[in-house]
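Please open the structure in a viewer and keep the sequence at hand. The tour below proceeds from one selection to the next.

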Amino acid sequence: MPLAASGPATPTIGQQREGVLFWTQAQREARFPRMYALFPSDRAAHGAHVRELPPGRPLAIAGKDASAWLAGYMDRYHVAGVMVLQDGHVRLQRYAKGFGPGQRWTSFSVAKSVTSTLLGIALQQGYIHGMDDTLGTYIPELRHTAYADVTVQQLLTMTSGVRWNEDYADAKSDVAQMYLGTCVDGRAHVLSYLARLPRQWPAGTHWNYNTAETDLLGILVQRATHRSLAAYLSQAIWQPYGMAADAYWIKDECDGSDTGGSGLSATLADYARLGQFMLEGGRIDGKATIAEAWLQGAVHQQTGVDEPDRGYGYLWWTDVDGSYAAIGIFGQLVYVDPARKLVIAQVGAWPQATGKALVAARREFVATIKRAVDGGGGNKAGP
């Protein structure tokens, strides 16, 4: 059930979703595992087959007690769970008190990378014709807006050129306003909101992070495949790859579509499996499931961002060493390092959506894991 029933004197579902940005720490920690129960959601069913994650050799952290170091990191930054896979084996895992393997956690913008991956699969299956298709081809409501001639590829790289403010701490920013309006003609919130925004830069020339545009991408995928994102996720990845538990995706209150920019909830282990799926090139039983053109673009830099050592692919963040990641506010992470055959999954409830110190701590955590992998033996468990 929603946090409060909709009605004249109570907040709408959209208003409640926007309110998530301004929850207290206690509310975040209590509600992030229950988002799919608090808001209307679609289920991505898992199948009978489960991709096992066998134990590997416990990861040793040079100069540190690994357990104490990890507990300190998680406590300081309100991290609820961490799992490290190398070559598909679990080398490190820990859950905070009150959160366990059977529980789900919301992903925030990690969902963007999942939505992009589903587009890559839809491209492989022929539902999407090409990356140069314009959005108006799939979403007629956009044909007389600034988005009419924006291409699928430009949407994937957040280079539409349309004006947008993604300041999570500003209640007047676009990202804090996008779901607040009343429903118009049964259209998703973002279609009504984005339709009136002006162009700020020529399309394809300027990177500007924009959550609403990944909701837009989700609408495109759902219309092209004639399925909800949750149903397509279940059919394309969750069941055939062998996720161990159902996932859930929050729906827009106006048209019932799943919101591609956020709202996916899954277990920590299934987030790690998602990273392993990407590490294996999106192959299931030896068969390619993702279009090669998408895969090469997704995990390699397509545009620069505000940090010198990072880039942006197709809704996946890229690093100079060939690693790439799905990243969500408040501490969510699925990190893939192909050179080390490494996957790092993290869920959390940071004390604020993002910030330089928080991001730096997460990057140092990842760097510490990499150094540990480089410095200590193989990943297989000993006798």
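Which residues does D133 touch, not counting residues up to four places away in sequence? They are Y138, V150, T151 and V152, where a contact means heavy atoms within 4.5 Å.

Before the remaining stops, two conventions apply. This is a predicted model, in which local features need pLDDT of at least 70 and side-chain atom pairs count only at pLDDT 80 or more, whereas totals for chains, interfaces and linings use all residues. Residues are numbered from 1 along each chain as its sequence is written, and side-chain values use heavy atoms, with hydrogens and water left out.

**Stop 1: D133 and T151**

Keep D133 selected. D133 is placed in the loop between α5 (110-124) and α6; helices (H or I, at least four residues) and strands (E, at least two) are DSSP runs, numbered from the N terminus. D133 has a relative accessibility of 18% and therefore counts as buried. The terms are set as follows: buried means under 20% relative accessible area, exposed over 50%, and partly exposed in between, with a 1.4 Å probe and protein chains only. Add D149 to the selection: D133 and D149 are 16 residues apart in sequence, and their C-alpha atoms are 8.6 Å apart in space.

Select T151 next, in the loop between α6 (135-138) and α7 (152-156). T151 counts as buried because its relative accessibility is 14%. With residues up to four places away in sequence left out, T151 touches M131, D132, D133, T134 and L135. For a distance to draw from this point, take L119: T151 and L119 are 32 residues apart in sequence and 13 Å apart in space, C-alpha to C-alpha.

**Stop 2: the disulfide**

Display the cysteine side chains. The structure holds one disulfide, the term being used for a pair of cysteine sulfur atoms within 2.5 Å. A disulfide is a covalent bond between the sulfur atoms of two cysteines. Here the partners are C183 and C254, with their sulfur atoms 2.1 Å apart. The pair links distant parts of the chain, 71 residues apart: C183 sits in the loop between α8 (174-177) and α9 (189-194), and C254 in the loop between β5 (247-250) and β6 (264-267).

Is the disulfide of C183 and C254 left-handed or right-handed? The torsion about its S-S bond is about -80°, so the disulfide is left-handed. As for accessibility, C183 is partly exposed, with a relative accessible area of 41%, whereas C254 is buried at 14%.

**Stop 3: two residues with positive phi**

Select D87, in the loop between β2 (79-86) and β3 (89-95). Phi of D87 is near 55°, a positive value in a residue other than glycine. D87 is partly exposed, its relative accessible area being 38%.

Move on to F330, in the loop between β12 (324-328) and β13 (332-337). F330 is also a residue other than glycine with a positive phi, near 65°. Its relative accessibility is 1%, so F330 counts as buried.

**Stop 4: A291**

Where is A291 placed? A291 is in the loop between β8 (287-288) and α13 (292-298). The residue is buried, with a relative accessible area of 7%. Show G120, L123 and Q124 as well: A291 touches these three, not counting residues up to four places away in sequence. A longer line can be drawn to R371, which is 80 residues from A291 along the chain, with 33 Å between the two C-alpha atoms.

**Stop 5: the whole chain**

Finally, return to the full view. The protein chain has 14 helices and 14 strands. Its C-alpha atoms fill a box of roughly 65 × 45 × 45 Å, taken along the principal axes. The radius of gyration is 20 Å, which agrees with the value near 21 Å for a compact globule of 383 residues; the radius is taken over C-alpha atoms, and the globule rule is 2.2 Å times the number of residues to the power 0.38.

Colouring by burial is a suitable last display. Buried residues make up 58% of the 383 residues in the protein chain. Among contacts between residues at least 6 apart in sequence, 68% join residues at least 24 apart.
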